[in-house]
Amino acid sequence: MYLRIQWKQILLIVALSLIAMGLIGFCIHYAIALVILNREISPTVGMLYPRESETREVRSLDGLWNFVKSDPTNPTQGVRDKWFLDDLSRVQDTIPMPVPASYNDITTQNDLRDHVGTVWYDRKFFVPRSWANKQRVWLRFGSVHYEAFVYVNGEMAVRHEMGHLPFEAEITNLVKYGEENRITVMCDNALIQTTVPQGKITEVSRDDGVAIVQTYTFDFFNYAGIHRSVHLYTTPLTYIEEMEITTDLAKDNNVGFVYYKVKANGTAANEAVNNLYVRVQLRNKDGAIVANETSNSDLKGVLEVQKVLPWWPYLMHPDPGYLYQLEIFLHGENNELLDVYRQKVGIRTLSWNNTSFMINGRPVYFRGFGRHEDSDIRGKGLDLALMTRDFNLLKWIGANAYRTSHYPYSEESMQFADENGIMIIDECPSVDTENFKQELLDKHKSSMEQLIHRDRNHPSVVMWSIANEPRTNQLNAGSYFQYVANHTRELDPSRPVTAAIAVSSNDDKAAKFLDVISFNRYNGWYSNPGRLDMITKRVIDEATNWHKKHNKPVIMSEYGADTVEGLHLLPAYVWSEEYQTELFSRHFKAFDTLRKQPWFIGEFVWNFADFKTAQTVTRVGGNKKGVFTRNRQPKAVAHLLRKRYFALGREVDQCNFPEDLFTYIADVGPSRNAKHDDADL
């Protein structure tokens, strides 16, 4: 009996030891998984926007391409079978597909709209014989979502991961001059937990087999395809590869400074660096040269501009968005002109502290929108007509800013913002970020590097947003966003860092690493829907709590309510145009109370226009929170918002009212003491 009991005790001790060892092993493994290192990220190079000059030619490859959808259950078939070695039409039945455009809504087939996995594009193009003469040939994509594999004449030219950002490759040795060439692109739209943004892929049973289903938590449709323009362009053998521009003002904004850094690459740059220099000149809008100089071999310097015309935001100055043209002439040995590149430049300063944000020394109050690149049929594809309409509407309504929610917008829209004086909070593709791991951090930092590399020279870009509604209450969120924020400042210390936060100030772990705190909250909609009497105080209290906790400027970066165009209900009821109008009005009261504190620096409506989302029972054809419909027509609230934004512009920036801001109602006569005018705003 004793031996049996003793043996049981020994077995129990061994079992407990094994369990303990297993738990220790699990804990060690889990702890290792939680460790996030701040690793170096390989920087991108080149990527200047393709522009023609005396030394460069640019050709567009936009148009109708051939298109093939892969079998969702066999997404790598095209790679294994080497579809890129021949015309797609020889291996599969193709359909025409416009470039640029999302492919999802072009046809009438729901299996293409909801496709998960790879698709293939190809087209033919000619390269003139003249391009073979002492120059380089480049292929550049404005954006392919999400991952792209590009082949030229059957040879891999470039691979790129990260939608909404450009990439390029030199194809000098891949093309045939004076002959027909073929370009083939494989695009993969799959999102997983280590992509930016994140998603999940699952297999779900269906009536006739298995469906591959893409899920994601972000509230916009995962449009895919070749979203922006494709260009061929040439550079000389020795060429201007990089250009970094910063500006400053002095003497009460009467003197401007343009600091430039140029990086050259190519034959002469590698073999005879000391013989290179740049001649730089700055022209005003009338084409007159207002400053010029010649650099040393370090290819950097500064231009001084007397009687400068600074870049001002819309409504802050009678001539907003003033741009100069910077001309860079790269010279080599014996003063030979090697390359020429031109870049628009806005001369302005940015500064901020714990209570304000300033442009050219003047405090800014942001009034604008969260937006989306989204429209009927073309999805997120670049549409210059639509872009022009959007900027007309932004100016019509009196907005001075928008956030590129929730990804970088087209380079053409950034140029438009420069020219129109619209300030941009530039956001990377990180949305609803969670499950903070090393691979995700590396890609997140890479997305910020690519974004800053692309947009650092735009005067309209006044702030970097490193995420939208990340799960900053989760374990590891603090160190994760500290790394991302610090990485962003290292890349560009001239602009503040923000993120649109949706968790409460008590639970958040990331805001302390930001320069400006932006918060999203849907009082009267997701919180207490239908209760218009539970908005104003809650907005005031939350904004105040954010500032008290972190002593930093605060922006309300999202508020709003879904509204069906033409639905009228009195008294106001959710989804009606009356409810959206009253909800906005209750927020306006909160903002006006907060504006008495200098640290509250902006209000952003969600959203500029209705947009498409994944199919859910809570969305009728998409998200309807737009002030404008998806085809860019105003809802009732747009007219209310227009009056507010111009009233703020008049108070804060001393701008004039548009002549059509007020509609004539009646002349009631002075004796009745009831006449109203614009002063009532």
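Okay, let's start with a helix pair: helix 10, residues 577-594, packs against helix 11, residues 636-653, at an angle of about 20°, and their axes are 8 Å apart. Before I go on, this is a predicted model, where local features need pLDDT of at least 70, side-chain atom pairs count only at pLDDT 80 or more, and totals for chains, interfaces and linings use all residues. Residues are numbered from 1 along each chain as its sequence is written, and side-chain values use heavy atoms, with hydrogens and water left out.

A few words on terms. Helices (H or I, at least four residues) and strands (E, at least two) are DSSP runs, numbered from the N terminus. Axes are lines fitted to C-alpha atoms, for helices over the stretch in contact, and angles run from 0 to 180 degrees between N-to-C directions.

Back to our pair. Helix 10 and helix 11 are therefore roughly parallel to each other; angles under 35 degrees count as that, over 145 as roughly antiparallel, 65 to 115 as roughly perpendicular and the rest as oblique. Their crossing is right-handed, which is the clockwise case: the near helix is turned clockwise from the far one by less than a right angle, and anticlockwise would be left-handed.

Who's touching whom? On the helix 10 side, the contact includes Phe 584, Phe 588 and Phe 591, and on the helix 11 side it includes Leu 640, Leu 641 and Leu 648. Contact here means heavy atoms within 4.5 Å. The residues of this contact divide into eight nonpolar, two polar and three charged. For that split, Ala, Val, Leu, Ile, Met, Phe, Trp, Tyr, Cys and Pro count as nonpolar, Asp, Glu, Lys and Arg as charged, and the others, Gly among them, as polar.

Now a second pair. Helix 5, residues 384-397, and helix 6, residues 411-420, pack at an angle of about 30°, with axes 11 Å apart. Helix 5 passes helix 6 in a right-handed crossing. Leu 384, Met 387, Thr 388, Phe 391 and Lys 395 in helix 5 meet Glu 412, Ser 413, Phe 416, Ala 417 and Asn 420 in helix 6. That contact divides into five nonpolar, three polar and two charged residues.

Stay with helix 6 for a moment. How many of the 10 residues of helix 6 are buried? Nine of them, so helix 6 is largely enclosed by the rest of the structure. Buried means under 20% relative accessible area, exposed over 50%, and partly exposed in between, with a 1.4 Å probe and protein chains only. Among the buried ones are Met 414, Gln 415 and Asp 418. The cover over the buried residues includes strand 5, helix 5, strand 26 (401-403), strand 27 (423-427), helix 7 (438-455) and strand 28 (461-468). Right after helix 6 comes Gly 421, whose phi is positive, near 70°.

Strand 5 just came up in that cover, so let's go there next. All seven of the seven residues of strand 5, 135-141, are buried, so this strand is also largely enclosed by the rest of the structure. Gln 135, Val 137, Leu 139 and Phe 141 point one way, while Arg 136, Trp 138 and Arg 140 point the other way. In a regular strand the side chains alternate between the two faces of the sheet.

And the partners of strand 5? Two strands pair if DSSP finds at least two bridges between them. Strand 5 pairs with strand 14, residues 230-236, in the antiparallel sense over seven bridges, and there Phe 141 has Val 230 as its bridge partner. Strand 5 also pairs antiparallel with strand 9, residues 167-170, over four bridges; Trp 138 stands opposite Glu 170.

On to an open sheet. Six strands line up in the order 3-2-4-10-7-8, with antiparallel pairing. Strand 3 (95-99) and strand 8 (155-161) are at the edges with a single partner strand each, so one side of each is left without a neighbour in the sheet. The twist averages 30° from one strand to the next. Inside that sheet, strand 2, residues 63-69, pairs with strand 3 over five bridges, with Phe 67 opposite Ile 95.

Last stop, a hairpin. Strand 15, residues 238-250, and strand 16, residues 255-266, run antiparallel and are joined by 12 bridges. Asp 248 has Phe 257 in strand 16 as its bridge partner. Four residues lie between the two strands, and Lys 251 in the turn has a positive phi of about 55°.
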